[in-house]
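This report is for a reader who is meeting the structure for the first time. Please look through the sequence and the model below before reading on.

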Amino acid sequence: MKTIGVLTSGGDAPGMNAAIRAVVRAGCENGFRVMGIRRGYNGLMYGDMYEMNLRSVSNIINRGGTILYSARSPEFKTEEGMQKAIDVCKEMDMQGVVVIGGDGSFRGARDLSLRGVPCVGVPGTIDNDIACSDYTIGYDTAMNTVMEMVDRLRDTSESHDRCSVVEVMGRRAGYIALNSGIACGATTILIPEVEFDFEKDVVERMRRTQKTGKRHFIIIVAEGIGGVDEMAKRIQEETGVESRATVLGHVQRGGSPTVRDRVAGSKMGYKAVELLKAGIGNRVVAMQKDALVDYDIFEALNMKKSIDLDLYKLAHEISI
Ligand code: ADP
Ligand code: F6P
């Protein structure tokens, strides 16, 4: 019986459990022995893994986080760490590993593949910042969480005629900020992909809408821009509108996954096993215009992704 492994690495994302479930179920049904590797590459280096069966993944499709736990593992990036992982893979006669995570995790998967352990990457991150894929597992749930939280902030901002300046996650990318900003009716959305002028794009826009009777405001700021405390102070000084800063933080990573993330996780996990079954490694599963495709990891890591600038323009035109 051939053995494959599955691990989750980097920041956890809602829907990773759906992907694990799909890998385990598809793996078992296709005659593989499936090892669940704990805490990302740490588990691979130290042999922290267990054999999973059809029932090991019961009742997890609805759960946020990852039942395999996740970790950032600096040791794995060293030559010694990588060798430890290869030795464990040889010992376990591992014929392939499904790596659910982001770009960093895929770099590790590429290195393992180059050293003879075929890996397949599955994009799992709330940031949606993986270039080869239109969609990453966890993104939709995170945006819905942001929307729910900002709706709550809107209630209190409206009651007090205040401005809420909200920082949302996304690492260096503005996807969460842009789309949740539209969904929350933010007056201004600031993202790293678009240059902005604080006076013109924040203060003047607020003044203009104040003249039309607007009294409370939502400003969404991507974490790649940051500085929400300072912004809130400046807004208060320059517009006279009492302002509060909120950093939403890790609440955005938790919670029960949405339909979209459960389905995306299931499809991508299943596809990863199909590839390993066909003896194909060093690939990343990706979503392109709703179709499931796969790329060479090296090629995938060199791809570029751009944000929808028309959507950004639209957001600002309709939120005035
Ligand atoms: P993500 O996968 O979400 O981008 P990280 O960038 O933290 O998260 O990467 C997760 C893990 O992948 C790291 O802790 C490390 O073990 C491994 N990794 C990251 N970059 C590399 C690299 N250049 N080479 C080998 N492994 C890497
Ligand atoms: O990649 C997911 C993410 O939540 C980013 O949005 C954020 O920049 C980062 O991870 C936070 O990492 P940590 O959980 O290590 O604080």
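## Tyr69 and its loop

Tyr69 sits in the loop that runs between β3 (49–52) and α3. The model described here is a predicted one. The phi angle of Tyr69 is near 60°, a positive value in a residue that is not glycine. Most residues other than glycine have a negative phi. Is Tyr69 buried, partly exposed or exposed? The relative accessible area of Tyr69 is 42%, so this residue counts as partly exposed.

The backbone oxygen of Tyr69 also takes part in a contact: it lies 2.9 Å from a polar atom in the side chain of Thr8.

## Thr8 in strand β1

Thr8 belongs to strand β1, which spans residues 3–8. The relative accessibility of Thr8 is 0%, and therefore Thr8 is classed as buried; the cut-off for buried is under 20%.

Which residue does the side chain of Thr8 join through a polar contact of 2.8 Å? The partner is Thr66, and the contact is between the two side chains. The side chain of Thr8 thus has a contact with the side chain of Thr66 and another with the backbone of Tyr69.

## Asn17 in helix α1

Asn17 is part of helix α1, made up of residues 16–29. Asn17 has a relative accessibility of 1%, so it is counted as buried. A polar atom of the Asn17 side chain lies 3.0 Å from the backbone oxygen of Arg63.

## Asp93, between α3 and β4

Asp93 is placed in the loop between α3 (79–91) and β4 (94–101). Because its relative accessibility is 46%, Asp93 is classed as partly exposed. The side chain of Asp93 makes a polar contact of 3.0 Å with the side chain of Gln95.

How far apart are Asp93 and Ile4 in sequence and in space? In sequence, 89 residues separate Asp93 from Ile4, while their C-alpha atoms are 8.5 Å apart in space.

## Asp290, between β10 and β11

Asp290 is found in the loop between β10 (283–288) and β11 (291–296). Although Asp290 is not a glycine, its phi is positive, at about 70°. Asp290 has a relative accessible area of 68%, so it counts as exposed; the cut-off for exposed is over 50%.

## The site of ligand 1

There are 16 residues around ligand 1, and those that come nearest are Arg72, Ser73, Gly102, Gly104 and Ser105. Which helix gives the largest share of this shell? Helix α4 (residues 103–114) does, with six residues. By class, the shell around ligand 1 has two nonpolar, eight polar and six charged residues.

Several atom pairs link ligand 1 to the protein. An oxygen atom of ligand 1 is 3.0 Å from an N or O atom in the side chain of Arg72. At Ser73 the protein atom belongs to the backbone: a backbone N or O atom there is 2.5 Å from an oxygen atom of ligand 1. A nitrogen atom of ligand 1 lies 3.4 Å from an N or O atom in the side chain of Asp111. Ligand 1 on its own exposes 550 Å², and the protein buries 84% of that area. The space that ligand 1 takes is the largest pocket.

## The site of ligand 2

Which residues surround ligand 2? They are Arg72, Thr125, Ile126, Asp127, Met169, Gly170, Arg171, Glu223, His250 and Arg253. Two of the residues in this shell are nonpolar, three are polar and five are charged. Arg72 appears around ligand 2 and is also among the residues that come nearest to ligand 1.

Three side chains place an N or O atom by an oxygen atom of ligand 2. The distance is 2.6 Å for Asp127, 3.2 Å for Arg171 and 2.7 Å for Arg253. The protein covers 75% of the 400 Å² of accessible area that ligand 2 has on its own. As for its setting, the space taken by ligand 2 is the largest pocket, and the space taken by ligand 1 is described in the same way.

Definitions and conventions
Residues are numbered from 1 along each chain as its sequence is written. Chains are lettered from A and ligands numbered from 1 in the order in which they are written. This is a predicted model: local features need pLDDT of at least 70, side-chain atom pairs count only at pLDDT 80 or more; totals for chains, interfaces and linings use all residues. Side-chain values use heavy atoms; hydrogens and water are left out. A residue is near a molecule or strand if one of its heavy atoms lies within 4 Å of it. A polar contact is a pair of N or O atoms within 3.5 Å; within protein, one must be able to donate a hydrogen and the other to accept it, and residues adjacent in sequence count only if both atoms are side-chain atoms. Accessible areas come from the Shrake-Rupley method with a 1.4 Å probe; for residues, only the protein chains shown count as cover. On a 1 Å grid over the protein atoms alone, a cavity is a set of points where a 1.4 Å probe fits but cannot get out, and a pocket is an open set with protein on both sides within 12 Å along at least five of seven lines; lining residues have an atom within 4 Å of a point. A molecule sits in a cavity or pocket if more than half of its atoms lie within 2 Å of its grid points. Ala, Val, Leu, Ile, Met, Phe, Trp, Tyr, Cys and Pro count as nonpolar, Asp, Glu, Lys and Arg as charged, and the others, Gly among them, as polar. Helices (H or I, at least four residues) and strands (E, at least two) are DSSP runs, numbered from the N terminus. Buried means under 20% relative accessible area, exposed over 50%, partly exposed in between (1.4 Å probe, protein chains only).
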